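Welcome, and please open the model in your viewer with the sequence panel beside it. We will take the whole chain to begin with, and then walk through a few places worth selecting.

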Amino acid sequence: MSVEFVAEVSSNHHRDLDRCLAFVDAAAAIGSGAVKFQLFRIAELFSPEALASKPELRRREEWELPVEFLPALAERCRMRDLRFGCTPFYLDAVETLAPHVDFFKVASYELLWTELLRRCAATGKPVVLATGMATLDEVKQAARTLQDAGCRDLTLLHCVSGYPAPVLECNLSAIRTIADACGCAIGWSDHSVSPAVIYRAIHRWGASMIEYHLDLDGTGEEFATGHCWLPDRMREVIETVRTGEAADGTGEKVAAPSERRDRE
């Protein structure tokens, strides 16, 4: 089965539609199967007390994705044969996104927000849920909530919500733990920016989806934190994975074309 790579644009788009579309084009060019944005409003993401005590949070309003960009992003994704996903960070965002997205992504920070999970599931669209910081019981409860509310296509992403995530804390074997406990499709949401971690997640632990944070040029709002990939580096990772997939063959034990002359 081919691994799906999902490019997470996050807050690296500068509220610039041309730059947003360039992210879609870049994701397609390097071999991703999907691209994902985030829909949040700072006034709803933080409490009035937090905004009052930390005025710098207000500056993050410049990171908000304009809702009017959604139709153009969905259309560009269709043109590039990419799935279009988005993370809702407030309840009404689910209804806003539903006509445009191919799947919803729920962030680790919202894993315990039952009503958000239910609203995403009720759309009937696939849901991808990151599980950073969560216990196994919390992951199982969130999965049950989604499935009971109608989600029939659920992917759970093991995740370490460190930015960046130290390699020695990635605990990739938890991928199998989650898969065994929940019986869902499973993957890895990467903050390590380590090719070795991604290869291990796929080849040892069976991740069928890899989400990664993408920046175009090192000028994105989140690039300096150290958890974002640049296109050329991720292209190498994806091409390596695809080359390995092409080597799987049919499983039938017969002489390969390159062996036939020697066999004779």
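**The whole chain**

Start by showing all 264 residues: 49% of them count as buried, where buried means under 20% relative accessible area, exposed over 50%, and partly exposed in between, with a 1.4 Å probe and protein chains only. What you have open is a predicted model, in which local features need pLDDT of at least 70 and side-chain atom pairs count only at pLDDT 80 or more, while totals for chains, interfaces and linings use all residues. Residues are numbered from 1 along each chain as its sequence is written, and side-chain values use heavy atoms, with hydrogens and water left out.

Switch to a cartoon view, and you can find eleven helices and nine strands. These are DSSP runs numbered from the N terminus, with helices being H or I of at least four residues and strands being E of at least two.

How does the radius of gyration agree with that of a compact globule? The chain has 19 Å, which agrees with the value near 18 Å for a compact globule of 264 residues; the radius is taken over C-alpha atoms, and the globule rule is 2.2 Å times the number of residues to the power 0.38. Along the principal axes, the C-alpha atoms fill a box of roughly 80 × 40 × 35 Å.

Next, turn on contacts, meaning heavy atoms within 4.5 Å. Among the contacts with a separation of 6 or more, 66% are between residues 24 or more positions apart.

Now try a surface view. The chain exposes about 12,800 Å², and carbon and sulfur atoms supply 48% of that area; the areas come from the Shrake-Rupley method with a 1.4 Å probe, and for residues only the protein chains shown count as cover. Colour by charge to pick out 29 positive and 40 negative side chains, two sets whose centres lie 4 Å apart. Here Lys and Arg count as positive and Asp and Glu as negative, while His and the chain ends are not counted. Each charge is placed at NZ of Lys, CZ of Arg, CG of Asp or CD of Glu.

**Stop one: the loop between strand 1 and helix 1**

Select Val-9, which lies in the loop between strand 1 and helix 1. Is Val-9 buried or exposed? With 0% relative accessibility, Val-9 counts as buried. Beyond its neighbours within four places in sequence, Val-9 touches Phe-23, Val-35, Lys-36, Phe-37 and Leu-214. Draw a distance from Val-9 to Lys-36: the two are 27 residues apart along the chain, yet their C-alpha atoms are separated by 6.0 Å.

Move along to Ser-10, in the loop between strand 1 (4-8) and helix 1. Ser-10 is not a glycine, but its phi is positive, at about 55°. This serine is buried, with a relative accessible area of 2%.

Then select Arg-15, found in the loop between strand 1 and helix 1. Arg-15 has a positive phi near 55° and is a residue other than glycine. At a relative accessible area of 36%, Arg-15 is partly exposed.

**Stop two: helix 4**

Select residues 70-79, which form helix 4; Leu-70, Leu-73, Ala-74, Arg-76 and Cys-77 are buried there. Look down the axis of helix 4: these buried residues fall within an arc of 165°, so they line one face of the helix. The arc is that of the directions from the helix axis to the C-beta atoms. On the other side of helix 4, Arg-78 and Met-79 are exposed.

What do the buried residues of helix 4 pack against? Their partners are helix 1 (17-29), strand 2 (34-39), strand 3 (83-88) and helix 5 (91-97).

Zoom in on Arg-76, which counts as buried at 19% relative accessibility. Setting aside neighbours within four places in sequence, Arg-76 is in contact with Leu-21, Val-24 and Asp-25. For a view across the model, select Val-254 as well: the C-alpha atoms of Arg-76 and Val-254 are separated by 44 Å. Just past helix 4 comes Asp-81, with a positive phi near 60°.

**Stop three: helix 6**

Go on to helix 6 (residues 114-122), whose buried residues are Leu-116, Leu-117, Cys-120 and Ala-121. Seen down the axis, the buried residues of helix 6 fall within an arc of 130°, so they line one face of the helix. They pack against strand 3, helix 5, strand 4 (103-106), strand 5 (127-130) and helix 7 (136-148). Just after helix 6, Gly-124 has a positive phi of about 80°.

**Last stop: a cis peptide bond**

Finally, select Tyr-163 and Pro-164, which are joined by a cis peptide bond with omega about 5°. Pro-164 sits in the loop between strand 6 (154-159) and helix 8 (174-182).
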